[in-house]
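Trainee: Could you take me through one helix pair of this model in close detail, and then through the core around the pair?

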Amino acid sequence: MYLTQDKKDEIFSTYGKDKNDTGSAEGQIALFTFRINHLTEHLKNNRKDFNTERSLVKLVGKRRALLDYLTKKDINRYRAIIKELGLRK
């Protein structure tokens with residue numbers, strides 16, 4: 001399994017306030033980014049896996065919605081998370 005509880009704790013402790021801060025926008029964006037990267041690699045090897053492709057598109061949409069929310073809420077937090085994760089825009 002690619003996403004263990006330890007990996008989740010590490011992501012949330014790095015990008016959230018602590019490992020139990022699973023509701024922060026930054027933590028969720030970081031988790032979605034990790035999952036998006038994993039699914040992208042999977043699709044490079046399995047081009048006809050359309051269910052995974054649909055899941056990837058939905059995850060990208062969720063991440064985009066959270067990033068839009070963060071833009072409206074606090075532009076400095078938005079810029080920080082974009083810079084840390086290396087996302088475009």
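Mentor: Happily! In this predicted model, α1 passes α2 in a right-handed crossing, where right-handed means that the near helix is turned clockwise from the far one by less than a right angle, and left-handed anticlockwise. Helices here are DSSP runs of H or I with at least four residues, numbered from the N terminus. The two axes, lines fitted to C-alpha atoms over the stretch in contact, come within 8 Å and cross at roughly 135 degrees. α1 and α2 are therefore oblique to each other; angles under 35 degrees count as roughly parallel, over 145 as roughly antiparallel, 65 to 115 as roughly perpendicular, and the rest as oblique. K7, K8, I11, F12 and Y15 of α1 meet E26, G27, Q28, A30, L31 and F34 of α2, contact being heavy atoms within 4.5 Å. These residues divide into six nonpolar, two polar and three charged.

Now the core. The largest nonpolar core (buried Ala, Val, Leu, Ile, Met, Phe, Trp, Tyr and Cys residues joined through side-chain atoms within 4.5 Å) has 21 residues. Its largest share, eight residues, comes from α2. I81 is among the residues with the most contacts inside it; leaving out residues up to four places away in sequence, I81 touches Y15, E26, I29, L67 and L70.

T33 also sits in α2 and is buried, at 6% relative accessible area, buried meaning under 20% with a 1.4 Å probe, protein chains only. Beyond its neighbours within four places in sequence, T33 contacts R63, L85 and L87.

A note on reading all this: residues are numbered from 1 along each chain as its sequence is written, and side-chain values use heavy atoms, without hydrogens and water. As the model is predicted, local features need pLDDT of at least 70 and side-chain atom pairs count only at pLDDT 80 or more, while totals for chains, interfaces and linings use all residues.

Methods. Buried < 20%, exposed > 50% of the residue type's maximum accessible area, 1.4 Å probe, protein only. Helix = DSSP H or I, 4+ residues; strand = E, 2+ residues; numbered from the N terminus. Axes fitted to C-alpha atoms, helices over the stretch in contact; angles between N-to-C directions. Nonpolar A, V, L, I, M, F, W, Y, C, P; charged D, E, K, R; others polar.
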